[in-house]
Amino acid sequence: MSKTLILLFHPDLARSRANAVLAAAALRLPEVELIDVHSLYPDGGVDAGAEADRLLSADRIVLQFPIHWYSTPPLLKAWQDAVFTRMVYVHYKTEGRLLAGKPLLVAATAGNVPEAYAPGGANRFTMAELLRPLEASAHRCGLSWQPPFLVYRADKRDELSLFSAGRDYAARLDAWGRAGEAEEDPRRYLVEAWG
Ligand SMILES: Cc1cc2nc3c(=O)[nH]c(=O)nc-3n(C[C@H](O)[C@H](O)[C@H](O)COP(=O)(O)O)c2cc1C
């Protein structure tokens with residue numbers, strides 16, 4: 001079975017509602033492995049070698065986090081600095097090169113409403129614009145950028161609404177995994193060859 005690796009970056013997971021519900025929903029899928037990155041590195045020092053191995057063992061990568069100040073939590077930036085620098089600049093032939101084509105999905109929660117993320121809205125910029133640095137890094141690493149999964153109004157949702165966001169997340173991951181497996185199935189080429 002192929003593997004979807006979710007790297008969850010939440011500075012205070014014990015108090016999380018939205019990301020906790022998304023994580024619980026995702027964990028019901030058999031192909032999902034979820035890592036609480038903050039629990040691994042409470043002091044912020046990232047083991048780049050271990051993280052590189054983790055990325056290379058996955059078929060699909062998810063970076064899941066709450067939006068903090070229009071950006072990622074600081075540990076995700078530290079993780080990128082350590083892991084992408086090692087893989088792409090220091091060990092390109094044995095590590096960075098092997099990231100080519102691996103799909104990367106950002107799953108982010110935001111406190112504000114979708115309308116705030118627009119040129120005329122309270123936050124002025126769209127979420128796609130704010131996520132551009134991550135998209136650029138993914139592109140530089142050869143990762144295949146997927147349309148992000150976004151949950152707005154994360155703090156104002158009731159249980160039912162969070163549950164439904166979790167269900168949508170799991171459905172998205174499940175469909176993604178199935179599409180990936182169909183692509184990897186060598187019989188696909190047989191059908192094409194004979195059809
Ligand atoms: C330090 C900090 C900064 C935040 N910055 C933003 C922001 O820029 N935009 C936004 O929509 N929400 C912002 N929020 C709200 C969080 O995104 C929201 O609380 C989180 O997504 C809820 O998920 P959780 O229940 O898993 O913690 C911020 C929250 C904190 C604590």
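Helices (H or I, at least four residues) and strands (E, at least two) are DSSP runs, numbered from the N terminus. The model used in these exercises is predicted.

**Exercise 1. The order of elements**

Task: State how many helices and strands the protein has, and in which order they run.

Solution.
- Step 1. Count the elements. The protein has eight helices and six strands.
- Step 2. Read from the N terminus on. The order is β-α-β-α-α-β-α-β-α-α-β-β-α-α.

**Exercise 2. The overall fold**

Task: Decide whether the radius of gyration of the protein agrees or disagrees with that of a compact globule.

Solution.
- Step 1. Take the expected value. For 195 residues, a compact globule would have a radius of gyration near 16 Å.
- Step 2. Take the value of the protein. It is 17 Å, which agrees.
- Step 3. Add the extent. The C-alpha trace spans about 50 × 40 × 35 Å along its principal axes.
- Step 4. Look at the contacts. Of those with a separation of 6 or more, 80% join residues 24 or more positions apart.
- Step 5. Add burial. Buried residues make up 28% of the 195 residues.

**Exercise 3. The largest nonpolar core**

Task: Find which residues touch the most other members of the largest nonpolar core, and which element gives the largest share.

Solution.
- Step 1. Start with the members. This core has 43 residues, and Leu-22, Ala-26 and Leu-63 touch the most other members.
- Step 2. List the contributors. Elements that give two or more residues include strand E1 (4-8), helix H1 (18-26), strand E3 (60-66) and helix H7 (159-184).
- Step 3. Pick the largest share. H1 supplies it, with six residues.
- Step 4. Zoom in on Leu-63. Beyond residues up to four places away in sequence, Leu-63 touches Leu-7, Leu-76, Leu-104 and Val-106.

**Exercise 4. Two sides of a helix**

Task: Which residues of H3 are buried, and which are exposed on the other side?

Solution.
- Step 1. Find the buried residues. In H3 they are Glu-51, Ala-52 and Leu-55.
- Step 2. Check their directions. They cover an arc of only 105° around the axis, so they lie on the same side of H3.
- Step 3. Turn to the other side. There, Ala-50, Asp-53 and Ser-57 are exposed.
- Step 4. Ask what covers the buried residues. The cover includes E3 and H4.

**Exercise 5. Val-83 and Arg-86 in helix H4**

Task: Classify Val-83 and Arg-86 as buried, exposed or partly exposed.

Solution.
- Step 1. Place both. Val-83 is in helix H4, and Arg-86 is in helix H4.
- Step 2. Recall the cut-off. A residue is buried if 20 or more other C-beta atoms lie within 10 Å of its own, exposed if 12 or fewer, and partly exposed in between.
- Step 3. Apply it to Val-83. Val-83 has 22 other C-beta atoms within 10 Å, so Val-83 is buried.
- Step 4. Apply it to Arg-86. Arg-86 has 18 other C-beta atoms within 10 Å, so Arg-86 is partly exposed.
- Step 5. Name the contacts of Val-83. Leaving aside neighbours within four places in sequence, Val-83 is in contact with Val-46, Ala-48, Glu-51 and Ala-52.
- Step 6. Name those of Arg-86. Not counting residues up to four places away, Arg-86 touches Ala-48, Ala-52 and His-91.
- Step 7. Set sequence against space. Val-83 and Asp-47 are 36 residues apart along the chain, with C-alpha atoms separated by 8.1 Å. Arg-86 and Asn-123 are 37 residues apart in sequence, and their C-alpha atoms are 34 Å apart.

**Exercise 6. Positive phi**

Task: Where are Trp-69 and Arg-124 found?

Solution.
- Step 1. Take Trp-69. Its phi is near 50°, a positive value in a residue other than glycine. Trp-69 sits in the loop between E3 and H4.
- Step 2. Take Arg-124. This residue is not a glycine, yet its phi is positive, about 70°. Arg-124 sits in the loop between E4 and helix H5 (127-130).
- Step 3. Check exposure. Trp-69 is exposed, with 7 other C-beta atoms within 10 Å. Arg-124 is partly exposed, with 13.

**Exercise 7. Around the ligand**

Task: How many residues surround the ligand, and what classes do they belong to?

Solution.
- Step 1. Count. The ligand is surrounded by 16 residues.
- Step 2. Name the closest. They are Ser-16, Asn-19, Pro-66, Ala-110 and Gly-111.
- Step 3. Sort by class. The shell has seven nonpolar, seven polar and two charged residues.

Methods:
Residues are numbered from 1 along each chain as its sequence is written. This is a predicted model: local features need pLDDT of at least 70, side-chain atom pairs count only at pLDDT 80 or more; totals for chains, interfaces and linings use all residues. A nonpolar core is a set of buried Ala, Val, Leu, Ile, Met, Phe, Trp, Tyr and Cys residues joined through C-beta atoms within 7 Å. Two residues are in contact if their C-beta atoms, placed from the backbone, lie within 7 Å. A residue is near a molecule or strand if its C-beta atom, placed from the backbone, lies within 6 Å of it. Ala, Val, Leu, Ile, Met, Phe, Trp, Tyr, Cys and Pro count as nonpolar, Asp, Glu, Lys and Arg as charged, and the others, Gly among them, as polar. The arc is that of the directions from the helix axis to the C-beta atoms. The radius of gyration is taken over C-alpha atoms; the globule rule is 2.2 Å times the number of residues to the power 0.38.
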